[in-house]
Amino acid sequence: MALRNLERQSIAHFAPTEQRTERRGAKFVTRDVPAFPGYVFVQQSPALGGIRAVNSTRGITKLVTLGQGPAIVPAELIAALRIRFAPPDITPASQFDQGDRVKILDGPFADFVAQVEATPAAERVYLLIDLMGRATRVAVDARSLKREAG
């Protein structure tokens, strides 16, 4: 509700989210969840009423303050958070080569880093995952993978 109301007032805001995969019964469900639950970064604009406009927005409890004024988050930190929480860059299977390191984005192996063993089909990739000290081969949808650096 707060985000919707900030948008209506044309107040620049940023509420980073991340994808989380959870088991619901026999299924795995991936959904976006707030990275910082209950917090929203806003850009103060004196022309739009500044602090008062934000504090009086439905859904906002109050601004985080330090002393007499609102806590200021450096622009560099916000830029770094925007990069960190940007949607993943998903690569088609044909772009993976044997030996590439990839991160699994969803499903039962979400957040695992694995090594590409083979890419037999356009949408399937065989990976080697270290499970309890043993390399285990699993087939994963290529759209669920992101190339890891290094």
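**A118 and the sheet around it**

Leaving aside neighbours within four places in sequence, A118 is in contact with V125 and Y126. This residue of the predicted model makes a convenient starting point, since several features of the fold can be reached from it. A118 lies in strand β8, and within the pairing of strands it stands opposite Y126 in β9. Y126 is thus both a contact of A118 and the residue that A118 faces across the strand pair. With a relative accessible area of 26%, A118 counts as partly exposed, because it falls between the 20% limit for buried residues and the 50% limit for exposed ones. A further reference point is F96, located 22 residues from A118 along the chain; the C-alpha atoms of these two residues are separated by 8.6 Å.

The strand that holds A118, β8, covers residues 113-118 and pairs with β9, residues 124-131, in the antiparallel sense over 3 bridges. Another pair of residues across these strands is V116 and L127, with V116 standing opposite L127 in β9. On to the next neighbour: β9 is joined by 8 bridges to β10 (residues 134-141), and these two strands also run antiparallel. Here Y126 appears once more, standing opposite A139 in β10. Y126 therefore links the two pairings, as it has A118 of β8 opposite it and A139 of β10 opposite it as well. The hairpin of β9 and β10 has 2 residues between the strands, and in this hairpin M132 takes a positive phi near 50°.

These strands belong to an open sheet of 5 strands, in the order β10-β9-β8-β7-β11, with antiparallel pairing. Its edge strands are β10 and β11 (145-147), each of which pairs on one side only. On average, neighbouring strands of this sheet are turned by 45° against each other when direction is ignored. As a general point for reading such a sheet, side chains in a regular strand alternate between its two faces.

Seen as a whole, the protein chain has 3 helices and 11 strands. From the N terminus on, the elements follow one another as α-β-β-β-β-α-β-β-α-β-β-β-β-β. Of the contacts with a separation of 6 or more, 46% are between residues 24 or more positions apart. Buried residues make up 25% of the 150 residues in the chain. The accessible surface comes to about 10600 Å², and 51% of it belongs to carbon and sulfur atoms.

Two further sites, away from the discussion of the sheet, illustrate the buried and the more open categories. In helix α1 (residues 2-8) one finds N5. N5 is classed as buried because its relative accessible area is 11%, under the 20% limit. Not counting residues up to four places away in sequence, N5 touches T57 and R58. V64, in turn, is found in the loop between α2 (50-55) and β5 (65-66). Its relative accessibility of 47% places V64 among the partly exposed residues, as exposed would require over 50%. Together with F36 and Y39, V64 forms a nonpolar patch on the surface, and the three residues have about 310 Å² of accessible area together. V64 can join such a patch because its 47% relative accessibility satisfies the requirement of over 30% relative accessible area.

Notes:
Residues are numbered from 1 along each chain as its sequence is written. This is a predicted model: local features need pLDDT of at least 70, side-chain atom pairs count only at pLDDT 80 or more; totals for chains, interfaces and linings use all residues. Side-chain values use heavy atoms; hydrogens and water are left out. Helices (H or I, at least four residues) and strands (E, at least two) are DSSP runs, numbered from the N terminus. Buried means under 20% relative accessible area, exposed over 50%, partly exposed in between (1.4 Å probe, protein chains only). Contact means heavy atoms within 4.5 Å. Accessible areas come from the Shrake-Rupley method with a 1.4 Å probe; for residues, only the protein chains shown count as cover. Patches are made of residues with over 30% relative accessible area and no salt bridge: like charges are joined within 9 Å, nonpolar side chains (Val, Leu, Ile, Met, Phe, Trp, Tyr) within 5 Å. A salt bridge is a side-chain nitrogen of Lys or Arg within 4 Å of a carboxyl oxygen of Asp or Glu. Axes are lines fitted to C-alpha atoms, for helices over the stretch in contact, and angles run from 0 to 180 degrees between N-to-C directions.
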